[in-house]
Amino acid sequence: MDRKVSVIVPVYNVEKYLPDCMKSLLEQNYENLEIILVDDGSPDRCGAMCDEYATENKNVIVIHQENQGVSAARNHGLEIATGEYISFVDPDDMVDRNTYAVTVAAMEKENADIGRFDHSFFSTLTDVENKSFENTSGNYKVYQGIDRVNQVIRKYRSACLGIYKSSVIRTLRFPEQYSIGEDGVFLCGALLSAEKVLVLERAFYLRRINMSSVTRSPYKSSWLHVLDANKDIESMLLKENKEYRNIAAYTFYRQSSILIFSM
């Protein structure tokens with residue numbers, strides 16, 4: 001039987017998109033999924049919808065909490081997850097149906113602690129239907145030593161673009177003091193805890209172009225949290241190994257430049 005994968009979904013104010021997300025998870029070509037829906041005090045029907053999914057599907061677990069933010073919601077999910085692997089999916093996004101079957105199989109073949117994959121954007125379900133995953137390369141690369149960090153963290157730092165062995169991230173948590181940049185801090189900790197990281201050349205994660213999301217909303221002073229998050233990442237890297245000084249500097253200034261451009 002497939003090893004259990006716990007998929008943690010923080011849910012807030014997405015009743016319009018949650019059905020698409022859940023459909024993509026419930027139709028996975030992988031038998032042993034534990035789907036943890038964390039209702040973060042959503043003001044719409046999301047809480048009731050989560051309960052309905054749990055009633056109809058025995059592998060769906062629901063947590064209700066007062067609104068505390070995405071990091072607290074994910075952390076709550078981590079506390080109860082029972083899978084040997086952990087994955088994160090945002091409630092307005094989707095995943096290709098082969099995501100867990102292909103990634104976990106490759107991870108087990110290479111004895112990798114983390115399996116990373118790429119993403120693509122969509123705005124309508126028609127966009128998703130028109131994407132051809134069969135034409136995407138199924139190749140992958142395996143990184144160890146200093147490369148396991150350098151080759152991953154300089155690219156996309158979303159926690160959602162990967163599957164993690166629970167043993168590697170057991171003590172890790174998302175920094176709840178940041179409303180943006182928290183994914184990078186978590187990913188950095190995961191990479192430093194891992195020994196072997198596998199990167200698939202597959203755009204398995206489908207990211208919705210949602211103008212109401214945190215990263216696409218009008219500028220707020222809270223965006224400056226990304227600078228503090230990057231300082232944390234720099235400190236973590238340099239504490240681990242001084243050889244990370246170049247990637248630490250690159251990461252900090254790249255993210256700072258993106259922030260200034262966004263502003």
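1. A good place to start is the aromatic cluster: Phe88, Tyr164, Phe174 and Phe186 are linked into one by ring pairs. Keep in mind that this is a predicted model. Across the structure there are six aromatic pairs.

2. Take Tyr164 and Phe186 from that cluster. Their ring centres sit 5.9 Å apart and the planes meet at 85°, which is over 60 degrees, so this pair is edge-to-face. Tyr164 belongs to strand 9 (residues 162–165) and Phe186 to helix 8, so the pair ties together parts 22 residues apart in sequence.

3. Are these two residues buried or exposed? Tyr164 has 0% relative accessibility, so it counts as buried. Phe186 is buried as well, with a relative accessible area of 1%.

4. Phe186 also has a part in a helix contact. On the helix 8 side it is joined by Glu182 and Asp183, and the helix 3 residues they meet are Val70, Ser71, Arg74 and Leu78. Sorted by character, the residues of this contact come out as three nonpolar, one polar and three charged.

5. How do the two helices pack? Helix 3 (residues 70–80) and helix 8 (residues 182–193) make an angle of about 35°, and their axes are 11 Å apart. The crossing of helix 3 past helix 8 is right-handed.

6. Have a look at Arg74 too, since it brings us back to the cluster. Arg74 is one of the helix 3 residues that meet helix 8, and it lies over the face of Phe174, 4.9 Å from the ring centre. Phe174 is itself a member of the ring cluster in point one.

Conventions. Residues are numbered from 1 along each chain as its sequence is written. This is a predicted model: local features need pLDDT of at least 70, side-chain atom pairs count only at pLDDT 80 or more; totals for chains, interfaces and linings use all residues. Side-chain values use heavy atoms; hydrogens and water are left out. Axes are lines fitted to C-alpha atoms, for helices over the stretch in contact, and angles run from 0 to 180 degrees between N-to-C directions. Helices (H or I, at least four residues) and strands (E, at least two) are DSSP runs, numbered from the N terminus. A crossing is left-handed if the near helix is turned anticlockwise from the far one by less than a right angle, and right-handed if clockwise. Contact means heavy atoms within 4.5 Å. Ala, Val, Leu, Ile, Met, Phe, Trp, Tyr, Cys and Pro count as nonpolar, Asp, Glu, Lys and Arg as charged, and the others, Gly among them, as polar. Rings of Phe, Tyr and Trp (its six-membered ring) pair if their centres lie within 6.5 Å; planes under 30 degrees apart count as stacked, over 60 as edge-to-face and the rest as tilted. Buried means under 20% relative accessible area, exposed over 50%, partly exposed in between (1.4 Å probe, protein chains only). A charge sits over a ring if NZ of Lys or CZ of Arg is within 6 Å of the ring centre and within 35 degrees of the ring normal.
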